[in-house]
Structures are given as structure tokens and as C-alpha cells.
Amino acid sequence: MLSALFRKPQTPEPTAIHESAAPPNPAAWPDSYRKELLDRVAEHGAVLVGGLDLRGAADVETAVRKVTDRPVRETEGFAPRETRGEGLYSSAVWPANQPMCMHHELSYARRCPGLLLFACLEPPTDGGATALADAAAVLDALPTALVERFEEEGWLLERSYNGEIGATLSQAFGTEDPGAVDAYCRTHAVETAWQPDGTLRTRQRRAAVVRHPVSGLRCWFNQIAFLNEWTMAPEVREFLIEEYGPNGLPFTTRYGGGDPVPRDVVERINAAYEGATVRRPWRAGDLMIVDNLRTAHSREAYTGPRDVLVAMAEPIDPVDPPSPDRPSRRTES
């Protein structure tokens, strides 16, 4: 079964397209099936292929290679992952009882995947869907003044690598050598500040709204809400501030000019995501292919086991943000 999860940005309802004639073993897919899949992703933002005989990482690798031959190696990840194969990872390590809010994978990186592939080997007992939200619909749902400010200033991501919460230096950069980390960060427009205790704090400014390189759609493309301190559970936020101080949180976000993003703005963004969200429970053997620019994704809380693998592919370079020093054209309301 091949299903589109979006018909168009204004109508984000699950819609079956057609029964796919593809065999359950991806190794037997004809070369023409790649084009069919990618055409559907380009048209709808995401497709779901069900009924596959995916029993392990090797089967998923085969399916991924049938869809794309341009893998992306994860760098700057915000949470640890296990490597499960060539270009294949576990889902990000995140507490099962806490949802992972809507985001676009590595939207804070200078080079990020244009395509994501999720494969379910074992569905959870309850919950755990990888929900999706159309980025163009989210943009349309946000207040004009808010969008204009983020378009003018971009957004800032601030991270602290304390070795205890979130990804370690080695997990994020593949090395703990300060010189190598600094070299990477200089190349990728990330500011570094090494602390007296040897920990690292980084800061990077990125565009919040980008135009899709193929469709031309303007998309809300960032992790402003997900990586903001106000999205954390209150008790977690209070503990982290007490432990590391307000400037030492594992991650938080700001307006591109440096102002904090208020709690009500974070809640407004998350509400826009919720209004554009579609969700389907995982079934063993499902393969979901997602346009990472056009479509945000989340992971809902769950119980029981859950084994969903992810591959990243088709690298793209999102547009650089404008200067935060540019005079504002906004009209405050």
C-alpha cells in the first residue's frame, strides 16, 4: 500500500492514493519505482509504503538504497543515536514518556538532509507515532508579525555540551579534540566558547523561513519551538537552570537578534503545528519517506518496545538568514 499523508498544504488529511504493485521485498523493486516514490513525495510532502517484509537493518538498508543513493551522515545531532548500518540510525534517544515535538531534522545545520526515511521494525504497544505537519500550512497559520520578525532576524540556537545532558561532543561532532571541533564550527558558521571547566557552548544563527528549491513553497523550517527551554517539562527546565545556570542549558533558542523567545510564542508555534498535524500508528514493515524541508515530524510518547530506524539523504543547503542588524519593516500590533 502506498499512501500520501498530505493532499495539499491547505488540507493536511491522510489520503490513500492507490494500491502499489511493488513486491513486499524491496530488493525486487524495479528501478522505475524510485521515480514513482520520489514523485509522490515531491507532490505531497510524505508517503507511506506499507506491507513490506522489513525484518532487520539489512532489509531497511536495501529499501533505502532503492530510494536514494545520496546518504547524509548526521553531524550536530541534539540527542544520541545508535548506528544500525551504513547511513542508518536508531531513532534519537529520548524518554519514551515524553513527546518529541515537531521539527525538521538538522534544520540548524548549514547542510541538512532533504529526505528522511523512517522504517518500522517493531511498533510500540501504544502511541509512538511519527506524526507529520506540512510546513507551508504551519507558516500560513502563524501571525504575520511573528513570521516577519523571524524572516528579518532569523533564529539563534544556543547549546551547551556538558557531557551529561543531550549529545556529547563525540556524538555531535565525531571527535572531542577542541581544535577539530573549532575547525568544523568555523566552516559551518557556528560560534564556539570554551568554558574554564573544558565544556563547550555554541551559538548559530539560521533562517527560519526558506523557499523549497523545487516547488517554490515558502516553508516554516526551523527548530525554534522544539529546542526552546519553554518546551521542556517545567520540572526539567527548573532542574537544568539550577544545575547549569540560565546560560548553560543543553539547548535553547532565541530571536536572531538575541532576544529570548517568550513562552507564549513557543506555545503559538506548537499550536500551529498541532493544527496541521496528521498521525498514523506504526505497523511492522512500514516505510515512511518524508521531504524534510516541506514536512516537519515529531515522535509521540509511547509504551512498550519501539524500533524505528531512520536514514537521512539528499543533502541540501538551506538559505542563509538575513542580517539581524537590518532595520525592521514590521508594524507592531
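In this predicted model, strands β6 and β18 (residues 295-299) run antiparallel and are joined by two bridges. Across this pairing, Met-100 stands opposite Arg-299 in β18. Both strands belong to an open sheet of four strands, ordered β6-β18-β9-β16, with antiparallel pairing. Its edges are β6 and β16 (277-278), each of which pairs on one side only.

**Aromatic pairs**

A pair of aromatic rings is described by the distance of the centres and the angle of the planes. The model holds eight aromatic pairs. One of them is formed by Trp-94 and Phe-226, whose rings are tilted at 55° with 5.5 Å from centre to centre. Trp-94 lies in the loop between β5 (88-90) and β6 (100-103), while Phe-226 lies in the loop between β14 (218-220) and α7 (234-244), so this pair ties together parts that are 132 residues apart in sequence. Trp-94 is partly exposed, at 21% relative accessibility, because the buried class ends under 20%. Phe-226 has a relative accessible area of 4% and is buried.

A further pair consists of Phe-150 and Trp-220; it is edge-to-face, because the planes stand at 80° with the ring centres 5.7 Å apart. Phe-150 is in helix α4 (residues 144-153) and Trp-220 is in strand β14, so that this pair too links distant parts of the chain, 70 residues apart. Phe-150 is buried at 1% relative accessible area, and Trp-220 is buried at 0%.

Ring pairs also join Phe-78 with Trp-94 and Phe-226 in a cluster.

**Charges over rings**

Two arginines have their charged ends over aromatic rings, as listed here.

| Charged residue | Ring | Distance to ring centre |
|---|---|---|
| Arg-149 | Tyr-255 | 3.6 Å |
| Arg-237 | Trp-230 | 3.8 Å |

**Nonpolar cores**

In soluble globular proteins, nonpolar side chains tend to be buried together. The largest nonpolar core in this model has 60 residues, and the members that touch the most others are Phe-150, Trp-220 and Ile-269. Helix α8 (residues 263-275) contributes the most to this core, namely five residues. With neighbours within four places in sequence left aside, the contacts of Ile-269 are Leu-142, Leu-146, Trp-220, Ile-224 and Ala-225. Apart from the core around these residues lies another, of 23 residues, including Val-41, Leu-52, Val-64 and Ala-119.

**Two residues of strand β12**

Thr-202 is part of strand β12 (residues 200-206), and Gln-204 is found in β12 as well. Thr-202 is buried at 4% relative accessibility. Gln-204 is buried too, with a relative accessible area of 3%.

Not counting residues up to four places away in sequence, Thr-202 touches Leu-157, Glu-158, Arg-159 and Tyr-161, and also Val-190, Glu-191 and Thr-192. For Gln-204, again without neighbours within four places, the contacts are Glu-76, Tyr-108, Trp-155, Leu-156, Leu-157, Ala-189 and Val-190. With Glu-76, Gln-204 makes a polar contact between side chains at 3.0 Å. Leu-157 and Val-190 are among the contacts of both Thr-202 and Gln-204.

Notes:
Residues are numbered from 1 along each chain as its sequence is written. Side-chain values use heavy atoms; hydrogens and water are left out. Rings of Phe, Tyr and Trp (its six-membered ring) pair if their centres lie within 6.5 Å; planes under 30 degrees apart count as stacked, over 60 as edge-to-face and the rest as tilted. Buried means under 20% relative accessible area, exposed over 50%, partly exposed in between (1.4 Å probe, protein chains only). A charge sits over a ring if NZ of Lys or CZ of Arg is within 6 Å of the ring centre and within 35 degrees of the ring normal. A nonpolar core is a set of buried Ala, Val, Leu, Ile, Met, Phe, Trp, Tyr and Cys residues joined through side-chain atoms within 4.5 Å. Contact means heavy atoms within 4.5 Å. Two strands pair if DSSP finds at least two bridges between them. A polar contact is a pair of N or O atoms within 3.5 Å; within protein, one must be able to donate a hydrogen and the other to accept it, and residues adjacent in sequence count only if both atoms are side-chain atoms.
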